[in-house]
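Visitor: I am new to this structure and should be grateful for a close look at a single part of it. Please begin with one residue and then proceed outward to its surroundings.

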Amino acid sequence: MIKKPVTDFDARRVLVSPSLLAADFADLASEIKRVEAAGADLLHLDIMDGHFVPNLTMGPPVIAAIRKHSILTFDTHLMITNPLKYVKPFSAAGADHITFHLESDDNPDETIRAIRAEGCSVGISIKPATPASAVVNYLDRIDLVLVMTVEPGFGGQSFMADMIPKVAEIRALAGKLNPKLHVEVDGGIDGETVKRIVPAGANMLVAGTAVFRAPDGAQAAVERLHNAQKLLPVH
Ligand code: DX5
Ligand code: ZN
């Protein structure tokens, strides 16, 4: 299967990755078509194991089933205790990109290598309590840092404004160590909070509720997020 990793995208562009967690799970294929038609750049898949976070979502069989219905890059966010064990199954199911949590139990370098070996791009995510400094030593060999702007586990939570300086710090570090790095944010991102986080250097925006449940439709919601392009600092 040919992968479409995040390295295919320009990190100077604002990219929208709707989180499938907010979709109607009874109708995933048409929900995905709906956000594709709305102009989504990627599709964000939240994988939870009921252990790393207190919630359960979906596993490789669901990813394999929806793969047939989408051409979007599958931006896979593993909120699981043992990511290393599941890199192969998620890649085989159709993941193009895999992000794991630095706070998980597995060795980060081994996990990075395993993801690369599958031909996927690699991301590291950090929870709100983990500082930017924790990712510095990995920036030269990953493609994306995902800064959680809520505690991972559930959609529909409020954006944590105190994560704004962390995003700025990571974008500044990337300027020196890896200018092509995507800085992704996840949790409570909508047409308003986007105006505060993109100026700090976030270029990849995960949005569940704001896109799938937008009262004026997904297309208008995606457009509001893309409109933040003019606020992205030159990097
Ligand atoms: C939370 C997930 C998010 C979540 C975002 O643990 O990682 O991707 O779906 O949902 P919203 O955009 O509704 O905050
Ligand atoms: Zn997520």
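Guide: The residue chosen is Pro 108, which counts as buried because its relative accessibility is 15%, below the 20% under which a residue is called buried. The model is a predicted one, and every value given here is computed from it.

Pro 108 has its place in helix H4. Leaving aside neighbours within four places in sequence, Pro 108 is in contact with Phe 100, Leu 102 and Tyr 138. A longer span can also be given: Pro 108 and His 77 are 31 residues apart in sequence, and their C-alpha atoms are 15 Å apart in space.

The helix that holds Pro 108 leads to the sheet. This is an open sheet of eight strands with parallel pairing, in the order E1-E8-E7-E6-E5-E4-E3-E2. At its edges are strand E1 (15–18) and strand E2 (42–48), each of which pairs on one side only. From one strand to the next, the twist averages 25 degrees. Helix H4, comprising residues 108–117, packs on this sheet and touches strand E4 (97–101) and strand E5 (121–126). The direction of H4 makes about 145 degrees with that of E5.

Strand E4 deserves attention in its own right, as Phe 100, one of the contacts of Pro 108, belongs to this strand. E4 is mostly covered, with five of its five residues buried. On one side stand His 97, Thr 99 and His 101, and on the other Ile 98 and Phe 100; both faces are thus covered. E4 is joined to E3 by four bridges, and the two strands run parallel. Within this pairing, Phe 100 in E4 stands opposite Leu 78.

Beyond strand E3 (73–79), the chain enters a loop that precedes helix H3 (83–93), and Thr 81 is found in that loop. Thr 81 is buried, because its relative accessible area is 7%. Not counting residues up to four places away in sequence, Thr 81 touches Asp 49, His 51, Phe 52, Ser 104, Asp 105 and Asp 106. One of these, Phe 52, also has a charged group over its ring: the charged end of Lys 127 sits there, 5.1 Å from the ring centre. A second arrangement of this kind involves Phe 74, with the charged end of Arg 67 over its ring at 3.6 Å from the centre. As for pairs of aromatic rings, the structure holds zero.

The other end of the strand order may now be considered. Strand E8 (residues 204–207) is joined to E1 by four bridges, and these strands run parallel. Val 16 has Leu 205 as its bridge partner in E8, while Ser 17 stands opposite Val 206. E8 also pairs with E7 in the parallel sense, over three bridges; here Leu 205 is the bridge partner of Val 185. Both faces of E8 are covered, with Met 204 and Val 206 buried on one side and Leu 205 and Ala 207 buried on the other.

A further helix lies against the strands. Helix H5 (residues 164–177) lies across E5, strand E6 (144–148) and strand E7 (182–186), and runs at about 165 degrees to E7.

The nonpolar interior completes the picture. The largest nonpolar core has 67 residues, and those touching the most other members are Leu 20, Leu 43, Leu 45, Ile 142, Ile 170, Ile 197 and Leu 205. H5 gives the most to this core, contributing five residues. Ile 197 touches Phe 159, Ile 164, Val 167, Val 185, Ile 189, Ala 202 and Leu 205, with residues up to four places away in sequence not counted. A second, separate core consists of nine residues, among them Leu 15, Leu 144, Val 150 and Met 204.

A last residue offers a contrast in exposure. Phe 25 lies in the loop between E1 and helix H1 (28–37). Phe 25 counts as partly exposed because its relative accessibility is 41%, whereas Pro 108 counts as buried. Setting aside residues up to four places away in sequence, Phe 25 touches Leu 20 and Met 58. Leu 20 is itself among the residues of the largest nonpolar core that touch the most other members.

Note on methods. Residues numbered from 1 in each chain as written. Chains lettered and ligands numbered in written order. Predicted model: local features only at pLDDT ≥ 70, side-chain atom pairs only at ≥ 80, totals over all residues. Heavy atoms only, no water. Buried < 20%, exposed > 50% of the residue type's maximum accessible area, 1.4 Å probe, protein only. Contact = heavy atoms within 4.5 Å. Phe/Tyr/Trp six-rings, centres within 6.5 Å; stacked < 30°, edge-to-face > 60°. Lys NZ or Arg CZ within 6 Å of the ring centre and 35° of its normal. Pairing = 2+ DSSP bridges. Axes fitted to C-alpha atoms, helices over the stretch in contact; angles between N-to-C directions. Core = buried A, V, L, I, M, F, W, Y, C linked by side-chain atoms within 4.5 Å.
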